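Trainee: Before we look at the assignments one by one, could you take me through the reasoning behind each label?

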Amino acid sequence: MSQHAQHVAVVGLGLIGGSVAQTLVADGRRVTGWDPDASTRELAGAAGVEVVATLEELAASGAPLVVVAVPLRAVRATVERLAASLPASTVLTDVASVKGPVRDAVQAAGLGDRYVGAHPMAGTEHSGFAAADPDLLREVRWAVTLDETTNLDAFLTVAEMITGPFASAVHPLSDDVHDAAVALVSHVPHVVATELLNLVVGSPVSEVAQGLAAGSFRDGTRVARTTPRRTQAMVTDNAGWVAAALRLAARDLEVLASRLEEGAQVDEFFDRADPLRGAPAPDRSTRSLQIGADGWQTDLTERGRQGAQVLAVDPAAASVELSEPQAG
């Protein structure tokens, strides 16, 4: 198996999948793509993607790497269809914002031995191939998730794509660590942004509030202006971690509300985040790390949990260039 996938197939050509396809086309790689929507396929074809009419044709295209970029609720059915015709040597990855449920679906379809999870931390409130951009997912944070069964060649194939055409660092993580972290920095913010809109919709001064809304409201609600079903899907598919964080937030806000009504001190609420306000980035060191020995997956994800990033891969040497925070 080549760890430099010069031919990549993309399943689902919306905002994220379309951006993946456009980036790879711009890099000179061959891209085969499929989307259930005919107008989307037409747009993608005009942008240089080799569009096929069916998912089965895509699976048979010979691409050594397939990127699943369908909505979360369509992942299980999609990988089940792929499993019927995907060659045994093909590596499978995805771009979903939740990793545990995707791995469960992939394993249930019998594709777990060639799966590596991926999640680019970027997007917009828009959707569809027309909103895709070849630079949207470049030089952004990408999480890559592994478990103890992850194949070394498969990991190197996915990591090479991310550090190569996407010019991005890889954050190697376990599924649980990824899902817990994105609940805090992505999914809960989407919920809070939606609640801000809900508060305005239900207020007797809604029209006045909308007329007065400026930068803080616009910035705080941007992500809630996307398709609500898309947000709902990622929140419900990460329900355990999101619910736990929301209960903590609700507890803190209830305490704040009570103290405001009592005229009590509220310094602690507003000061608790001081460690994150203007905190300097830690010093980092870079070194080459050989991977592939027994337990390499656990070692790499533990390093990722502590802040390590993969900057480049050397498939021939089975090594990665690793950037890690310096202790102290």
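Mentor: Let us begin with Met121, which in this predicted model is found in the loop between strand S6 (115-120) and strand S7 (142-145).

Trainee: Why is Met121 called partly exposed?

Mentor: The relative accessibility of Met121 is 32%, and since buried means under 20% and exposed means over 50%, Met121 counts as partly exposed.

Trainee: What makes Met121 eligible for a nonpolar surface patch, and which residues make that patch?

Mentor: A patch takes residues with over 30% relative accessible area and no salt bridge, and Met121 has 32%; together with Leu184 and Val185, Met121 makes a nonpolar patch of about 290 Å².

Trainee: How many aromatic pairs does a search of the whole structure find, and why is the pair of Phe155 and Trp296 called tilted?

Mentor: The search finds three aromatic pairs. In the pair of Phe155 and Trp296, the ring centres are 5.6 Å apart and the planes stand at 55°; because pairing requires centres within 6.5 Å, and planes under 30 degrees apart would be stacked and over 60 edge-to-face, the pair is tilted. Phe155 lies in helix H6 (residues 152-163) and Trp296 in helix H13 (residues 296-305), so the pair ties together parts that are 141 residues apart in sequence.

Trainee: Are Phe155 and Trp296 buried or exposed?

Mentor: Both Phe155 and Trp296 are buried. Phe155 is also one of the residues that touch the most other members of the largest nonpolar core, which has 43 residues, and H6 gives the most to this core, with seven residues.

Trainee: What makes the pair of Phe269 and Phe270 edge-to-face?

Mentor: The angle between the planes is 80°, with 5.0 Å from centre to centre, and because planes over 60 degrees apart count as edge-to-face, the label follows for Phe269 and Phe270. Phe269, with a relative accessible area of 28%, and Phe270, at 44%, are each partly exposed, because both values lie between the limits of 20% and 50%.

Trainee: How do you know whether Thr40 is buried or exposed?

Mentor: Thr40, whose place is in helix H2 (residues 38-46), has a relative accessibility of 13%, and because buried means under 20%, Thr40 counts as buried. Leaving aside residues up to four places away in sequence, Thr40 touches Leu13, Asp35 and Phe129.

Methods: Residues numbered from 1 in each chain as written. Predicted model: local features only at pLDDT ≥ 70, side-chain atom pairs only at ≥ 80, totals over all residues. Heavy atoms only, no water. Patch = residues over 30% accessible without salt bridge, like charges linked within 9 Å, V, L, I, M, F, W, Y side chains within 5 Å. Areas by Shrake-Rupley, 256 points an atom, 1.4 Å probe, with all protein chains shown as cover. Salt bridge = Lys/Arg side-chain N within 4 Å of Asp/Glu carboxyl O. Helix = DSSP H or I, 4+ residues; strand = E, 2+ residues; numbered from the N terminus. Buried < 20%, exposed > 50% of the residue type's maximum accessible area, 1.4 Å probe, protein only. Phe/Tyr/Trp six-rings, centres within 6.5 Å; stacked < 30°, edge-to-face > 60°. Core = buried A, V, L, I, M, F, W, Y, C linked by side-chain atoms within 4.5 Å. Contact = heavy atoms within 4.5 Å.
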